Each structure stands twice: as C-alpha cells, then as structure tokens.
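Biologist: I am new to this structure and would like a close look at a single part of it. Could you take me through the aromatic rings, and what lies around them?

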Amino acid sequence: MCDTCGCGHDEVIIRKAGDEGHVHHHHSHEHKHSHNDAHSHSHANDGRELIVEEDILQKNNLLAERNRGYFEARNIIAINLVSSPGSGKTSLLERTIKDMKDKNNFYVIEGDQQTMNDANRISKTGVQAVQINTGQGCHLDSSMIRKSLDQIEIKQEGGFLMIENVGNLVCPALFDLGESKRVVIMSVTEGEDKPVKYPEMFSTADLCLINKTDLLPYLDYDLPLSLKYARQVNPDLEFIELSVRSGENMDKWYSWLEKLKPQT
C-alpha cells in the first residue's frame, strides 16, 4: 500500500476551478502519523505495519460509507474513473459532459498531484469542478472527497459526480470513495497485459472502457487478448470499446451511464 509505494499526504490542496485565490489545505495528520508509525515499527515487528495499514483502510471505508449515504440522499451517481496517466480520462469527461449536460447535472472532482490544468479544462464545459492536488500522494481517499463536496453547490437532486482519480493503477484500487460505480479506462496504446499486471484495479471495477480504438489500424495491439486477460481477473467486468477522438461507440458509454439513473 502507501508504505510500499512511498506516497505521503502531508498537505493536500483542494480548490474550485476559477477560485484559485482561495486555497483549502487538507491535512491528513492521522494518515501521516500512521505512515510514520508503520515505518518506525516495520523492522521491529512486521505485523505492526500490516495493522496500521488495515487501520488506514478501515477509517477510509467508514467515511466512504458516509459519502455513499450523502450521494444516495441526493440521488447523485458517483463514478470513480481510474486509469494510468494518458489513457484519455479528461478528454472522455469533457466530451461526455458536452454531449450529456443538456439533460443531466454534472459535478466533477479532479485528482492530480499538481496543477489546476484538468479542473480548468472541465470548468470550460460550464460545470462545477474542484481540483484536489495530492502533492506526493498517489490516490484520492474518501476524506478528500468529503472535503471537496463542501465546495460544490448541489442546487437540485440528481446528477452525476464524476471523480477523476490520480493517474495510477495501484493505490486507487484500495480506496473506496463512496462511489456508485468504478470505471477503469485503458487505451490501445498501452500493453494488453495491464489487467494481469494490475489485477486489484481490474477486479474491483464495474466497467472497462478501452479508449483510442481509432488508432488500432496503426498498432500491433491484440484487443481480444486484452479482453481475455481482463476476464481472467474479473469475469463480471463489462467492456465498451470506444474512441473519444472519433466518437465511435461513445453512445454506448452514454447509455451505460443513463441506465444508472433511478427509474421514475
């Protein structure tokens, strides 16, 4: 987990796009303290590190359930988008919002180690976007989501909260944010063996989007092999092959989202 990868949450910055003058610092004292405890005791007692990490996850999961209750009370569908860097998450979000916002409310939380770039891109679509800068941290956790919700004005019930997690296929898999669904995105410019290299992420996902299919004629990417690997890890995983750039099969993704809405 985090002790293994070396990430730290000494100071997390949460700010709304267009509101750079107001910076909200989110200190994860317990998280930081637990990391130090784990490091100081790991050589003396291997079991200590495991207990501390379980404690971190347990606290995260309790708050995730509170987030889930918050979303359910407001009929908000929260989607946790996870992937490696460069898979096309932000472009997917931009196009999805532009094509669906006439009939749906969208709210966005962006997770990156640094910069406001993605939140600023998303805010140009006209929706509220909050940027979480995790610093050295390599994932979002449920407390960061809770703090970010304080900066989002939910004016009416219903809609989608799209959470773009930090580009990383390891640690985000371990942290429940209270999401309704987890969507993993991989592109055909990546290796076919991503699912077996990062099984935890693919085994916890509900849907796998395979992006950049417009590039398939120019690559030696074995799409059936990639699907085979993913099904080995998670036989229940759904797949949509699409291209954000060309628009191919984006309608299938939109239909998948629409089906998540409460039937009235």
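Modeller: What follows is a walk through the aromatic pairs and the charges that sit over one of the rings. Please keep in mind that this is a predicted model. The count of aromatic pairs comes to 3, and one of these is formed by tyrosine 70 and phenylalanine 71, whose rings meet edge-to-face, at 5.9 Å centre to centre and with 80° between the planes. Tyrosine 70 and phenylalanine 71 are both buried. Another of the pairs joins phenylalanine 106 and phenylalanine 160, and it counts as stacked because the planes of the two rings lie at 20°, with their centres 5.4 Å apart. Since phenylalanine 106 belongs to strand 4 (residues 106-112) and phenylalanine 160 to strand 6 (residues 159-164), this pair ties together parts that are 54 residues apart in sequence. Phenylalanine 106 has a relative accessible area of 4% and is therefore buried, and phenylalanine 160, with a relative accessible area of 1%, is buried as well.

Returning to tyrosine 70, we can also look at the charges placed over its ring. The charged end of arginine 74 sits over that ring, 3.7 Å from the ring's centre, while the charged end of arginine 146 also sits over the ring of tyrosine 70, at 4.7 Å from its centre. Tyrosine 70 thus combines an edge-to-face pairing with phenylalanine 71 with the charged ends of arginine 74 and arginine 146 over its ring.

Notes. Residues numbered from 1 in each chain as written. Predicted model: local features only at pLDDT ≥ 70, side-chain atom pairs only at ≥ 80, totals over all residues. Heavy atoms only, no water. Phe/Tyr/Trp six-rings, centres within 6.5 Å; stacked < 30°, edge-to-face > 60°. Buried < 20%, exposed > 50% of the residue type's maximum accessible area, 1.4 Å probe, protein only. Helix = DSSP H or I, 4+ residues; strand = E, 2+ residues; numbered from the N terminus. Lys NZ or Arg CZ within 6 Å of the ring centre and 35° of its normal.
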